[in-house]
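Visitor: I should like to go through this model and ask, for each term applied to it, what justifies its use. May we begin?

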Amino acid sequence: MGAQLWEVVGGLEKGGIVVRAGQDLKSAELGRLGTGALVLQTDLVGERLSFERVAGTGPSKGWLSLAVKGAQLVAKSDKELPGAPVLACFYSGGMTAKQGLDSLTPFVAAARGVGIRDCVVLDHPGEPGFEDCKSWDDYVARLAAKVDEDAGRRNRPVCIVAHSHGCVAAWGLAKHFAKRCQKLYVVARRPPNGGLADEVWGVDSAAGVEALDDLNLLNGMLLAWPNAFLESKKKVNPLPHPVPTILKTVRRQYSVPWLPCGSAEVGELCKDNPAIEAPILGIAASKELSRGETLAKMEGWKDFTLNGFELKSVEGNHMGAMSKGSDAFDLILLDMARRSAECG
């Protein structure tokens with residue numbers, strides 16, 4: 001569908017533009033949207049737009065025409081959504097900072113399309129600015145400082161979106177921000193206490209991940225999170241470039257002692273009350289393998305919030321859940337925009 005913010009530019013001389021109850025031009029008239037109103041697209045069929053109003057006057061929702069007799073009635077808006085939060089994003093594991101930023105570019109662009117324009121992409125331990133983190137608390141404090149690096153972001157509400165391995169750091173940041181975090185969105189990752197390393201690699205500690213040879217590290221990944229490129233290289237001996245470089249990144253990110261993913265150590269990370277004040281929306285990929293981040297495993301996030309948990313599924317595999325065109329984009333951004341409009 002493609003969520004999008006629109007502004008009413010027509011109807012100035014008529015008190016706004018006509019809104020109807022349905023797509024059909026003969027459906028019941030609901031009233032008029034005032035010129036200058038901002039609306040959030042919920043569907044677009046030809047020249048007919050289904051919307052929810054987020055600013056201005058007129059019906060709260062309905063259908064309108066993009067143009068009438070050649071006269072434009074609405075235009076895509078580059079304005080910031082009233083009450084828009086800072087958007088903090090975390091990318092999947094196995095990526096460097098540059099690769100992670102590139103992977104999230106389509107999502108950040110989609111967020112700007114709904115008027116959420118102030119975005120920051122945050123990194124895993126070992127990436128620039130986080131190379132010498134000494135503890136979980138140190139890491140989370142640096143993430144928070146990165147969000148507030150721009151003075152214009154300080155003290156503003158924050159929404160946090162994370163994919164796969166980035167979800168653990170995202171939860172930590174949401175807990176740090178407390179009521180300042182409006183909502184946490186976690187995509188394709190079991191909760192922090194899920195014992196991921198046990199199931200994926202057969203080890204229960206950061207040291208166990210560190211000790212894996214490249215082939216066992218690779219095979220465990222592929223049995224949980226399929227990757228066509230890596231699959232095509234796993235039988236080549238020695239493993240060809242860039243596979244060893246990718247595995248080096250994976251090993252570094254999954255073997256951090258104070259950011260554990262094995263059952264012997266996750267209890268330490270979650271020993272205090274793990275529930276955050278913000279609500280959580282979890283999104284699972286429909287084609288996850290049994291060792292991967294299934295819908296059933298993601299149910300565990302319900303114990304990590306004090307204020308409401310929803311779990312949805314989108315079509316696709318583990319990495320596709322946050323790729324361009326994923327239904328997760330609209331699920332997250334429409335929810336975020338509605339929440340922001342209510343707060344604004």
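Visitor: How do the residues of the lining of the largest pocket divide into nonpolar, polar and charged?

Guide: The model is a predicted one. In the lining of its largest pocket there are seven nonpolar, five polar and five charged residues. The lining comprises 17 residues, and those nearest the centre of the pocket are Lys-14, Ile-17, Val-18, Val-68 and Leu-73. The volume of this pocket is about 390 Å³.

Visitor: Which strand gives the most to the lining of the largest pocket?

Guide: That strand is β2, which contributes three residues. Both β2 (17-20) and β8 (71-72) supply at least two residues each.

Visitor: What makes the contact between Lys-98 and Asp-102 a salt bridge?

Guide: The closest N and O atoms of Lys-98 and Asp-102 are 2.6 Å apart. The rule asks for a Lys or Arg side-chain nitrogen within 4 Å of a carboxyl oxygen of Asp or Glu, so the term applies. By this rule the count comes to 20 salt bridges.

Visitor: Why are Lys-98 and Asp-102 separated by about one helical turn?

Guide: Both belong to helix α1 (residues 97-113) and stand four residues apart there, which accounts for the separation of about one turn. Lys-98 has a relative accessible area of 55% and is therefore exposed, the cut-off being over 50%. Asp-102, at 40%, is partly exposed.

Visitor: What is the N to O distance in the salt bridge of Glu-127 and Arg-252, and which parts does the pair tie together?

Guide: The side chains of Glu-127 and Arg-252 meet at 2.5 Å, N to O. Glu-127 is in the loop between β11 (119-122) and α2 (136-147), while Arg-252 is in helix α8 (residues 243-254), so the pair links parts that are 125 residues apart in sequence.

Visitor: Is Glu-127 called buried or exposed, and how do you know?

Guide: Glu-127 has a relative accessible area of 5%. Buried means under 20%, so Glu-127 is buried. Its partner Arg-252, at 31%, is partly exposed.

Visitor: Which residues are joined into one network by salt bridges that share partners?

Guide: Glu-268 and Lys-271 may be mentioned beforehand: they form a salt bridge with closest N and O atoms 2.9 Å apart, and both residues are exposed. The network itself joins Lys-183, Glu-310, Lys-312 and Asp-335 through salt bridges that share partners.

Visitor: How do you know that the span of helix α3 agrees with the expected one?

Guide: Helix α3 (residues 166-177) has twelve residues and, at 1.5 Å a residue, should span 16 Å. Its end C-alpha atoms lie 17 Å apart, which agrees.

Visitor: Why is α3 described as largely enclosed by the rest of the structure?

Guide: The description holds because ten of the twelve residues of α3 are buried. Among them are Gly-166, Val-168, Trp-171, Leu-173 and Phe-177. The buried residues of α3 pack against β10 (86-90), β11, α2, β12 (158-163), β13 (181-187) and α9 (266-269).

Visitor: What makes Ser-50 a buried residue?

Guide: Ser-50 has a relative accessible area of 12%, and the cut-off is under 20%, so Ser-50 is buried. Ser-50 lies in strand β5 (residues 48-55). Leaving aside neighbours within four places in sequence, Ser-50 is in contact with Leu-40, Gln-41, Thr-42, Asp-43, Gly-62 and Trp-63.

Visitor: Why are positive phi values and cis peptide bonds worth pointing out?

Guide: Most residues other than glycine have a negative phi, and most peptide bonds are trans. Lys-69, which is not a glycine, has a positive phi of about 50°. Lys-69 is placed in the loop between β7 (67-68) and β8 and is exposed, with a relative accessible area of 87%. Asn-155 has a positive phi near 70°; Asn-155 lies in the loop between α2 and β12 and is exposed at 72%.

Visitor: Which peptide bond has omega near 0°, and which has omega of about 5°?

Guide: The bond from Asn-237 to Pro-238 is cis, with omega near 0°. The bond joining His-241 and Pro-242 is cis, with omega about 5°. Pro-238 lies in the loop between α7 (228-233) and α8, and Pro-242 is likewise in the loop between α7 and α8.

How values were computed:
Residues numbered from 1 in each chain as written. Predicted model: local features only at pLDDT ≥ 70, side-chain atom pairs only at ≥ 80, totals over all residues. Heavy atoms only, no water. Buried < 20%, exposed > 50% of the residue type's maximum accessible area, 1.4 Å probe, protein only. Expected span 1.5 Å × (residues − 1). Contact = heavy atoms within 4.5 Å. 1 Å grid on protein atoms, 1.4 Å probe; cavity = no way out; pocket = protein on both sides within 12 Å on 5 of 7 lines; lining within 4 Å. Points joined across faces, edges and corners; volume = space filled by probe spheres on them. Nonpolar A, V, L, I, M, F, W, Y, C, P; charged D, E, K, R; others polar.
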